[in-house]
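Colleague: I am new here and would like to ask about the terms people use. Please show me the structure first.

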Amino acid sequence: MKRRVAILISGRGSNMAALIQAARAQDFPAEIVVVISNRADAGGLALAVQNGVATAIVESKPFGRDRAAFEAQVQSVLDEHRVELICLAGFMRLLTAEFVQRWHGRMLNIHPSLLPSFPGIDPARQALAAGVKISGATVHFVIPETDAGPIVMQGAVPVAEDDTPETLAARILKVEHRIYPDALRLLASGGIRLAGNICRTTGSIDHGQRLISPAPR
Ligand code: GRF
């Protein structure tokens, strides 16, 4: 039985699209049963519809600071679709500790940096300001602290001398689209075990892989 997944978005939805695309494969262990946006103008909504995925809009703005009331609405959509796993994909609303606890071990997020470096906003700009030579993306379980939680999978990219936050973010986005479906596959197929703040996986490492940046002459 495929695991039933909801994707929560606020914007353009390119990670959402990558997940939907991957889940089309017959042997993929999860199906995307609903996309929920907290913004009516999220570009990803049209993309989800085009792909034949059910959508729901639960606007967060009218709820103001009442996060719990907003989440109760979201939860009822999740219940309606019998959702088992959640993927946050550019979802720009903070969640309460209660909601996060309820979905403990069943809710993933993707962040465009190699966590724990550069949590928060504009991680590509933060990476350039720190002068790192390698950055990347992280899929992690959601815990109450923002951009933290057991790390499921990471993908690395080199940082170029002439990168701007935009060019670096674009390079990282490509690796996001690669690792988010892979991480969901791992979770949905039962290949993950949580040991406190550490995520143990059945994923294997590629012993031949090296990323050195800048490349030595
Ligand atoms: C991605 O960079 C994701 O890592 C971050 O927000 C961005 C969302 O982009 N959390 P998209 O909506 O998936 O295109």
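Colleague: What makes the approach of Ser-14 to the ligand a polar contact?

Modeller: A polar contact is a pair of N or O atoms within 3.5 Å; within protein, one must be able to donate a hydrogen and the other to accept it, and residues adjacent in sequence count only if both atoms are side-chain atoms. An N or O atom in the side chain of Ser-14 is 2.5 Å from an oxygen atom of the ligand, so the pair qualifies. Please keep in mind that this is a predicted model, where local features need pLDDT of at least 70, side-chain atom pairs count only at pLDDT 80 or more, and totals for chains, interfaces and linings use all residues. Residues are numbered from 1 along each chain as its sequence is written, and side-chain values use heavy atoms, with hydrogens and water left out.

Colleague: How do you know that Arg-12 and Ile-110 make polar contacts with the ligand too?

Modeller: The test is the one used for Ser-14. A polar side-chain atom of Arg-12 lies 2.5 Å from a ligand oxygen, and a polar backbone atom of Ile-110 is 3.0 Å from a ligand nitrogen. Both distances are within 3.5 Å, so both pairs count.

Colleague: How much of the ligand does the protein cover?

Modeller: On its own the ligand has 360 Å² of accessible area (Shrake-Rupley method, 1.4 Å probe; for residues, only the protein chains shown count as cover). The protein covers 84% of that area.

Colleague: Which residues surround the ligand, and which elements give two or more of them?

Modeller: The shell holds Arg-12, Gly-13, Ser-14, Asn-15, Gly-90, Ile-110, His-111, Pro-112 and Glu-176, where near means that a heavy atom of the residue lies within 4 Å. The elements giving two or more are α1 (14-23) and β5 (107-111), named from DSSP runs numbered from the N terminus (helices H or I, at least four residues; strands E, at least two).

Colleague: Why is Phe-118 called buried?

Modeller: Buried means under 20% relative accessible area, exposed over 50%, and partly exposed in between (1.4 Å probe, protein chains only). Phe-118 has 16%, so it is buried. This residue sits in the loop between β5 and α5, and its phi is near 60°, a positive value in a residue other than glycine.

Colleague: And what makes Asp-147 buried?

Modeller: Its relative accessibility is 15%, so Asp-147 falls under the 20% limit. Asp-147 lies in the loop between β6 (134-141) and β7 (151-158) and has a positive phi of about 50° although it is not a glycine.

Colleague: How do you know that Ser-113 is buried?

Modeller: Its relative accessible area is 0%, so Ser-113 meets the definition. Ser-113 is in the loop between β5 and α5. Leaving aside neighbours within four places in sequence, its contacts (heavy atoms within 4.5 Å) include Phe-118, Pro-123 and Ser-135.

Colleague: What is the largest nonpolar core, and which of its residues have the most contacts inside it?

Modeller: A nonpolar core is a set of buried Ala, Val, Leu, Ile, Met, Phe, Trp, Tyr and Cys residues joined through side-chain atoms within 4.5 Å. The largest has 42 residues, and those with the most contacts inside it are Ile-7, Ile-32, Val-35, Val-152 and Leu-184. Helix α6 (residues 165-188) gives the largest share, ten residues. A second, separate core of 21 residues includes Ala-6, Val-33, Val-34 and Ala-56.
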